[in-house]
Amino acid sequence: MDPLWELAASLHRLQSRRGRWAYAEWYRGARIAMREQKLERALRTTLLPLYPRAAYFPDFLTPPQTLGDLKGGLDELLTTAPRRVGEEIELLDQAVGAPSWARRLVESPERAALVQALRAYYGAVVAPYEDRMTARIEAERTARCRGLMDGGIEGMLAGLGPTMQWRRPVLHVRYPAQERDLHLNGRGITLVPSYFCWDAPVSLADPELSPVLYYPLLHEQPPPDAPLGGALADRSLTELLGRARAAAFRATANGATTGEIARAAHVSASSASRHATVLRDSGLITTIRHGAAVLHTLTPLGASVLRAATGAASAPAPPSSYSRVNSPSPTRSEEPNRPSPEVSKE
């Protein structure tokens, strides 16, 4: 997972209703978290103007040298050469219009303030989904590795569709911004699956930077009669643990005594104690003495299981059509504000 890219892509999700069904739970939680942590003004005046859902946003905001490292990425952002920052802000201004204050980002104090806002946003909006995002991305990596073992590089690349097609020696990509070719010239390319990327892959605008291709995870849209929200969580946990133990597990989310578990699960105190023992031995809860009673609370593993039980956000497979054309224009975007041409990269 690339934290700074996921941050950027999540900001694009906030600016579009496309695919909103796939991120509905996250969207609701994000709005609440930003309101509670008083981030709405920073979002409106600082972050969204720098990450527009348009044909371009600055490459220095997603440094490819620090993939997978939030702290390293933010440090890289801080130390970006002022000249490069100024050039990319100028490109942003030409593409969609940059806010007047953005040109001050060539100065270190302004970039430090931006990093502070990014760190706060990530902690409030993206970090709570890290477990889910990591699980999905690890699953994708495992699938690509199996393709590699079964069919070599050809097999791995052949499984990337439907937004990408490998036809030696060119990887054809359904790209949302202006049509372009990217010539690797022996440099290789890093493929990064993205949880928040929607519909089509995205690359860096500057062809001189280390080639990176962020591509969306593909998910199935739930059937019309599928349970939603809490109903889905109830059903999945019940199928996994059984009705009574699932109720006992949920009861510990905010801490619960054995008696409170018994009442929540509608079982006897002795049965509640047995359920707590199984959950504790499985590493899902921990138990401490609290006065005359014992208090059961979730472990980090238990919290991750409970969050995962609410169901992963998903995105539909986009239509597959491809072309291979050239353009010198440096652009990148998931969703430009005009019809997306079909593009491939080499």
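This passage describes the nonpolar cores, the aromatic pairs and the sheet of a predicted model.

In the largest nonpolar core, 62 residues are brought together, and those with the most contacts inside this core are W26, L50, Y51 and Y121. The element that gives the most to this core is helix 6, which spans residues 108-126 and supplies nine residues. The surroundings of L50 illustrate the packing: when neighbours within four places in sequence are left aside, L50 is in contact with F57, P58, L61, I89, L92, W101, A102, L105 and L114. Another core, of 14 residues, lies apart from the largest one, and includes L237, A246, A262 and A276.

Aromatic pairs were sought over the whole structure, and eight were found. In one of them, the ring centres of Y23 and F196 lie 5.7 Å apart with the planes at 25°, and because an angle under 30 degrees counts as stacked, this pair is classed as stacked. Distant parts of the chain are linked by this pair, since Y23 belongs to the loop between helix 1 (3-14) and helix 2 (24-36), whereas F196 belongs to the loop between strand 3 (190-194) and strand 4 (202-203), 173 residues apart. Y23 has a relative accessibility of 4% and therefore counts as buried, and F196, at 0%, likewise counts as buried. The ring of F196 also pairs with that of W26, with centres 4.8 Å apart and planes at 55°, so that this pair is tilted. Because W26 lies in helix 2 and F196 in the loop between strand 3 and strand 4, the tilted pair ties together parts that are 170 residues apart in sequence. Both W26 and F196 are buried, and one aromatic cluster is formed by Y23, W26, Y195, F196 and W198. A further arrangement involving a ring is found at Y27, where the charged end of R20 sits over the ring at 3.7 Å from its centre.

The strands that flank the loop holding F196 also take part in an open sheet of three strands, which has the order 3-5-4 and mixed pairing. Strand 3 and strand 4 stand at the edges with a single partner strand each, so one side of each is left without a neighbour in the sheet. Strand 3 runs parallel to strand 5 (residues 212-216), to which five bridges join it, and T190 stands opposite V212 in strand 5. Two helices lie across strands of this sheet: helix 1 crosses strand 3, strand 4 and strand 5, running at about 50° to strand 3, while helix 7 (residues 130-158) lies across strand 3 and strand 5, running at about 145° to strand 3.

Notes. Residues are numbered from 1 along each chain as its sequence is written. This is a predicted model: local features need pLDDT of at least 70, side-chain atom pairs count only at pLDDT 80 or more; totals for chains, interfaces and linings use all residues. Side-chain values use heavy atoms; hydrogens and water are left out. A nonpolar core is a set of buried Ala, Val, Leu, Ile, Met, Phe, Trp, Tyr and Cys residues joined through side-chain atoms within 4.5 Å. Buried means under 20% relative accessible area, exposed over 50%, partly exposed in between (1.4 Å probe, protein chains only). Helices (H or I, at least four residues) and strands (E, at least two) are DSSP runs, numbered from the N terminus. Contact means heavy atoms within 4.5 Å. Rings of Phe, Tyr and Trp (its six-membered ring) pair if their centres lie within 6.5 Å; planes under 30 degrees apart count as stacked, over 60 as edge-to-face and the rest as tilted. A charge sits over a ring if NZ of Lys or CZ of Arg is within 6 Å of the ring centre and within 35 degrees of the ring normal. Two strands pair if DSSP finds at least two bridges between them. Axes are lines fitted to C-alpha atoms, for helices over the stretch in contact, and angles run from 0 to 180 degrees between N-to-C directions.
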